[in-house]
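User: Please take a close look at one part of this structure. Then show me how that part fits into the rest.

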Amino acid sequence: MSDLTKLTIAAARDAMRKGDTTSTEITQACLTAIDSAAALGAFVHKTPDIALAQAQAADVRIKAGDAPAMCGIPLGIKDLFCTKGVPSQAASRILEGFKPEYESTVTTQLFDAGAVMLGKLNMDEFAMGSSNETSVYGNAINPWKVDDRALTPGGSSGGSASAVAADLCLAATGTDTGGSIRQPAAFTGITGLKPTYGRVSRWGIVAFASSLDQAGPMTKDVRDAAIMLQAMCGHDPKDSTSADLAVPDFEAALTGDIKGKTIGIPREYRLDGMPAEIAKLWDDGTAMLKDAGAKIVDISLPHTKYALPAYYVIAPAEASSNLARYDGVRFGHRAKLNAGDGITQMYENTRAEGFGAEVQRRVMVGTYVLSAGFYDAYYNRARKVRTLIKRDFDDAFAAGVDAILTPATPSAAFGIGEMADADPIKMYLNDVFTVTVNLAGLPGIAVPTGRDAQGLPLGLQLIGRPWEEAELLNVAYCLENAAGFIAKPAKWW
């Protein structure tokens with residue numbers, strides 16, 4: 001593997017402007033690395049012709065001195081983003097053969113900034129999963145390995161996490177509905193940022209749960225997350241939830257100075273049975289921020305214990321509504337019918353064949369909680385709990401807390417297949433530290449800060465005030481520098 005693929009966005013940007021390398025050279029190195037890493041299952045649709053054409057155009061812009069920070073940077077794009085003329089299946093059979101005639105707002109903005117698309121990345125089907133095992137393409141694999149166990153890269157943005165950690169691309173897009181950027185980032189030793197709801201446009205992203213979904217960057221470090229977020233943000237009139245707010249210079253905010261900042265440690269996140277290595281990681285991270293000059297305070301987020309149940313009512317309910325459009329009529333998979341079958345049989349057979357087991361499970365749960373007689377008992381009650389969860393965070397921030405530090409995941413990466421046949425709730429528990437951020441619409445970032453006893457990466461999560469990604473990134477930058485986590489997986493693929 002060429003050392004060019006190991007560059008960060010910032011290092012590649014600076015090297016290209018100095019003339020030390022070109023986007024074409026970096027892109028070609030990434031394409032070669034992708035071809036040699038088929039065993040990881042990270043890329044599901046490669047676009048080498050598009051990538052090289054975009055890289056050559058970027059080189060012209062750079063030479064002319066007309067180059068934004070993302071110009072010439074080779075990226076992987078999660079299969080949830082619609083990309084014009086390129087398969088965009090959301091890792092589902094039901095969207096087999098779908099090639100959009102339009103471009104998502106996020107990819108449009110990245111390409112306008114000169115970024116390069118290497119291809120589409122693996123994921124859990126319709127972003128429903130925490131291990132990338134629900135994908136129609138087969139699971140992506142974590143480049144970190146212990147003995148001969150194949151480990152999950154997390155989900156749903158598992159392909160994005162695997163590709164960035166393995167240096168197949170310089171960064172990747174992800175989406176986060178309940179932790180789908182932050183959990184895989186922590187499992188693979190990279191940085192993953194979920195912005196404030198409304199900071200990044202959702203237009204052209206295949207919907208899972210519309211009030212929770214948010215796109216964000218998955219990168220090799222915090223500075224890269226700041227650079228990439230800058231290009232992804234901006235008001236979009238095509239998305240009614242897009243905030244019409246100025247976009248700060250996120251990279252300029254990375255001073256590393258957090259003296260006088262107040263960091264909250266929520267007591268409800270210290271769960272019964274928490275592994276000792278996760279508790280130690282959290283304590284060590286707290287000490288790092290304190291040593292950097294931050295004030296550490298204990299806080300209470302009393303409705304945290306209701307977050308998972310509320311999330312797994314609201315998210316399936318919205319999924320049930322959003323996925324009703326996939327019926328075999330206009331695009332994607334359509335079941336073959338027998339003589340005499342009518343429209344009802346076509347709907348039923350198409351959805352039974354097109355949706356995987358986890359998607360079917362969530363659609364059925366969502367339909368149930370929205371049905372007459374259960375709407376108030378489940379869905380409306382979950383919405384009320386969501387309001388209380390948000391109020392807990394509002395109260396903490398109003399009391400002077402600048403950011404909140406928690407674990408990102410309850411464990412390191414687990415083996416592929418280890419939870420596949422278990423009670424689904426065991427898989428859902430992977431979201432225990434992350435779903436509150438989506439329910440409250442807040443920004444959150446996972447930063448790699450240590451390893452477990454087997455040498456696998458572990459991450460901590462920082463939660464920020466709404467719309468204050470710049471301050472959140474600066475605290476994360478300080479934590480990253482203090483932790484000094486720079487280990488990379490040994491190449492085995």
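Analyst: Two strands count as paired when DSSP finds at least two bridges between them. Strands (E, at least two residues) and helices (H or I, at least four) are DSSP runs, numbered from the N terminus. The model is predicted: local features need pLDDT of at least 70, side-chain atom pairs count only at pLDDT 80 or more, and totals for chains, interfaces and linings use all residues. Residues are numbered from 1 along each chain as its sequence is written, and side-chain values use heavy atoms, with hydrogens and water left out.

The part I pick is strand 7, residues 262-266. Start with its partners. On one side is strand 8, residues 295-299. Strands 7 and 8 run parallel and share five bridges. One residue to look at is G264, whose bridge partner in strand 8 is V297.

How does the chain get from strand 7 to strand 8? Helix 8, residues 276-291, completes a β-α-β unit with these two strands. The unit is right-handed: with the strands pointing away from the viewer, the path from the first strand over the helix to the second runs clockwise.

Strand 7 also pairs with strand 9, residues 403-407. This pairing is parallel too, with two bridges. G264 appears again here, with I404 as its bridge partner in strand 9. I263 has its own bridge partner in strand 9, namely A403.

Is strand 7 covered or open? Five of its five residues are buried, that is, under 20% relative accessible area with a 1.4 Å probe on protein chains only; over 50% is exposed, and partly exposed lies in between. Both faces are covered. T262, G264 and P266 are buried on one side. I263 and I265 are buried on the other. Strand 9 matches this picture: five of its five residues are buried as well.

Now follow strand 9 outward. It pairs with strand 11, residues 457-464, in the antiparallel sense over five bridges. In strand 11, L405 has L462 as its bridge partner. T406 is bridged to Q461 of strand 11.

Step back to the whole sheet. It is open, has 11 strands and mixed pairing, and its order is 1-3-2-4-6-5-10-11-9-7-8. Strand 8 is an edge strand, and so is strand 1 (43-46); each pairs on one side only. From one strand to the next, the twist averages 30°.

Helices pack on this sheet. Helix 3 (residues 48-64) touches strand 1 and strand 3 (116-121); contact means heavy atoms within 4.5 Å. The direction of helix 3 makes about 155° with that of strand 3; axes are lines fitted to C-alpha atoms, for helices over the stretch in contact, and angles run from 0 to 180 degrees between N-to-C directions. Helix 15 (residues 469-483) brings us back to strand 7. It also touches strand 5 (191-194), strand 9, strand 10 (444-451) and strand 11. Its direction makes about 5° with that of strand 10.

Helix 4, residues 105-112, buries T105, V106, T107, L110 and F111. Those residues pack against helix 3, helix 7 (222-232) and several strands, including strand 2 (74-78) and strand 6 (214-219). After helix 4 comes G114, with a positive phi near 95°.

What of the cysteines? The structure holds zero disulfides, a disulfide being a pair of cysteine sulfur atoms within 2.5 Å. For C71, the nearest cysteine sulfur is that of C30, 15 Å away. C71 counts as buried because its relative accessibility is 0%. The sulfur of C233 lies 19 Å from the closest cysteine sulfur, in C71, so the two are too far apart for a bond. C233 also counts as buried, because its relative accessibility is 7%.

Last, the chain as a whole. It comes to 15 helices and 11 strands. Its radius of gyration is 21 Å, close to the 23 Å that the globule rule gives for 493 residues, so the chain is as compact as a globular protein of that length. That radius is taken over C-alpha atoms, and the rule is 2.2 Å times the number of residues to the power 0.38. The C-alpha trace spans about 70 × 55 × 50 Å along its principal axes. Of the 493 residues, 60% count as buried. Among contacts between residues at least 6 apart in sequence, 77% join residues at least 24 apart.
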